[in-house]
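Let's take a walk through this one together, starting at the metal site and working outwards. Keep the structure open beside the text as you read.

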Amino acid sequence: MPELDFAIRGGTVVNASDRFRADIGVKDGRIVQIAETVADAREEFDASGRLVLPGGVDGHVHLAQPTSDGTVMADDFETGTRAATAGGNTTILPFALQEKGKSLRQCVSDYHEKANGNCYIDVSFHLIVSDPTPQVLGQELPALVRDGYTSFKVFMTYDDLMLTDSQLLEVFEVARRERALVMVHAEGHDAIKHMTRKLEESGRTAPYYHGIAHSSIAEREATHRAISHAELTDIPIVIVHVSGRDPMEQIQWARRRGLKVFAETCPQYIALTMEDLKGLNMDFEGAKYVCSPPPRDRENQEAIWEGIRDGTFDIFSSDHAPFKYEGENGTGKDNPNARTSFKLVPNGIPGIETRLPILFSEGVSRGRISLERFVALTSTNPAKLFGLYPKKGSIMIGADADFAIWDPDREVTITQSALHHGSDYTPYEGMEVKGWPVATILRGRTVMRDGDIVGEKTFGSHLSRTTSDM
Ligand code: URP
Ligand code: ZN
Ligand code: ZN
């Protein structure tokens, strides 16, 4: 009988700190050997000429989430985790969203119901707190954090989700007591509303104007306010989906003051610009790029690259929030809600499958960042930040045997027909990338090979988490 269940041979192993040539041996789903040559295994994977990376950990994903106008998200857990698998990920962190008026505990149970038996890879829920009632603040949230839901998101905009400043402060106090990590959607609601009203009054309602209404001034102001509230209550926070220089400067300022402020950015802020929101000719095609904060301009893309390089950003997540474009449930012109104004287009774009290839190609292949930094941003740091490390996020003895086997030379033109998500488009259509995952391995089982999903939707588990390790 072979000693090992699974072995990877001949690849270059890359961690956040170093890279080296080694074979890897797996037993019972965990890494048990890393050596020049490992023992015989029941199943072998030849990784010669390939990179062996820790499986991608996507720290910011929306699946099967209810929306304010009833538009159904294009991905449930089955299609969302399938697409994530195809993109080299082995763990994702979707949000269990509390709808106003509902119990947070009940929402978490509902999400488990949706996810159970429908996950190709591992998942772990963040919470979204939208209704911080005394019951939520005093009982449900503390109990959920103790049960391993150690991070939650709060919104400073969106009518149906936003918290007032005093609610933010109350929620932050719970985070401090329970040692939970708060993720903040930092955009100033009143400034957005003000701009939206002015734009609509002057007939500027095309999707492009979403980008004007959601200004970087509103993002900067809210980032500063979130940081101030975090300083006052003495908690670490994560500013999510940072779009450009203005909010980055606030984060850098906070860190100079010694505050624990973490930052996330996403593919849309390096691969799209506001010009994309124009669509073909200021038409509704622009709805395919409506997300918040919106993509900015080239100068801001450069600023984001600076931040990716210099450590301003800790994690690079997809913020996958998928909708269909066509049809009555789509975000495009056929949807009776969306047609009249950018304001009515549900916010969010798909990107779970293309997150790793886009950063690899634009970052590593173009020489902007090292392989090690790529691994840190996309796997090790999200695992540490959200309490999944050392089980996830690194190739080391005892860790889960989760890998993305990467072909650094493979050239791919991103196109909708080759993707596995539930959306009917990709905002990155036609983008040429160099570097692509050729296999995904979850706890020693191959779940994707050459673009084919070969695992099953029962392979993934929900992971309970400890408090942050950063
Ligand atoms: O536009 C976005 N980002 N939609 C998803 C929800 C959120 O705010 O992250
Ligand atoms: Zn958000
Ligand atoms: Zn999001």
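**Around the metals and the ligand**

Lys153 and His185 are both buried. Bear in mind as you look at them that this is a predicted model. These two residues belong with His241 in one metal site: Lys153 through NZ, His185 through ND1 and His241 through NE2 coordinate the zinc ion (ligand 2) at 2.1 Å. Lys153 sits in strand S12 (residues 151-155) and His185 in strand S13 (residues 181-185), so the pair ties together parts of the chain that are 32 residues apart in sequence. Written as a spacing pattern, the donor residues of the zinc ion (ligand 2) read K-x31-H-x55-H.

Now shift your view to the other zinc: the zinc ion (ligand 3) is 3.9 Å from the zinc ion (ligand 2). His60 and His62, each through NE2, and Asp319, through OD, coordinate the zinc ion (ligand 3) at 1.9 to 2.0 Å. Why does the arrangement around this zinc ion (ligand 3) count as tetrahedral? Its four donor atoms subtend angles of 90 to 127°, and the cut-off asks that all angles lie between 85 and 135 degrees. The donor residues of the zinc ion (ligand 3) follow the spacing H-x1-H-x256-D. Two of these donors link distant parts of the chain: His62 is in the loop between strand S8 (56-61) and helix H1 (77-86), while Asp319 is in the loop between strand S16 (315-316) and helix H11 (355-365), 257 residues apart. His62 and Asp319 are both buried.

Several of these metal-binding residues turn up again around ligand 1. There are 13 residues around ligand 1, and His62, Lys153, His185, Ser292 and Asp319 come nearest. Asp319 has an N or O atom in its side chain 2.7 Å from a nitrogen atom of ligand 1. His241 offers a polar side-chain atom 3.5 Å from an oxygen atom of ligand 1. The backbone takes part too: a polar backbone atom of Gly348 is 3.3 Å from an oxygen atom of ligand 1. How much of ligand 1 does the protein cover? On its own, ligand 1 has 270 Å² of accessible area, and the protein covers 95% of that.

**Salt bridges along the chain**

Step away from the ligands and look at the charged side chains. The count of salt bridges comes to 32. One of them joins Lys27 and Asp5, at 3.8 Å from N to O. Lys27 is in strand S4 (residues 23-27) and Asp5 in strand S1 (residues 4-9), 22 residues apart, so this pair links distant parts of the chain. The partners differ in exposure: Lys27 has 33% relative accessibility and counts as partly exposed, whereas Asp5, at 18%, counts as buried.

Strands S1 and S4 also hold another such pair, Arg9 in S1 and Asp23 in S4, which ties together parts that are 14 residues apart in sequence. The salt bridge between the side chains of Arg9 and Asp23 is 3.3 Å, N to O. Are these partners buried or exposed? Both Arg9 and Asp23 are buried.

Further along, Glu231 and Arg257 meet in a salt bridge of 2.9 Å, N to O. Glu231 belongs to helix H7 (residues 216-233), and Arg257 to the loop between helix H8 (245-256) and strand S15 (261-265), 26 residues apart. Glu231 is partly exposed at 32% relative accessibility, and Arg257 is partly exposed at 46%. For something beyond a simple pair, look at Asp122, Lys391, Lys392, Asp400, Asp402 and Arg443, which are linked in a network of salt bridges.

**Backbone details**

Ser292, one of the residues that come nearest to ligand 1, leads into a cis peptide bond to Pro293, with omega near -10°. Pro293 is in the loop between helix H9 (268-271) and helix H10 (298-310). The peptide bond from Tyr389 to Pro390 is cis as well, with omega near 10°. Pro390 is in the loop between helix H12 (371-385) and strand S17 (403-413).

Finally, check phi at two aspartates. Asp234 is a non-glycine residue with a positive phi, near 60°; its place is the loop between H7 and strand S14 (237-239). With a relative accessible area of 60%, Asp234 is exposed. Asp450 has a positive phi near 50° and is in the loop between strand S19 (445-449) and strand S20 (452-453). Asp450 counts as exposed too, at 56% relative accessibility.

Definitions and conventions: Residues numbered from 1 in each chain as written. Chains lettered and ligands numbered in written order. Predicted model: local features only at pLDDT ≥ 70, side-chain atom pairs only at ≥ 80, totals over all residues. Heavy atoms only, no water. Salt bridge = Lys/Arg side-chain N within 4 Å of Asp/Glu carboxyl O. Helix = DSSP H or I, 4+ residues; strand = E, 2+ residues; numbered from the N terminus. Buried < 20%, exposed > 50% of the residue type's maximum accessible area, 1.4 Å probe, protein only. Donors = N, O, S within 2.8 Å, 3.2 Å for Na, K, Ca; no water. Tetrahedral: all angles 85-135°; square planar, octahedral: opposite > 155°, others 65-115°. Near = heavy atom within 4 Å. Polar contact = N/O pair within 3.5 Å; in protein donor to acceptor, adjacent residues only side chain to side chain. Areas by Shrake-Rupley, 256 points an atom, 1.4 Å probe, with all protein chains shown as cover.
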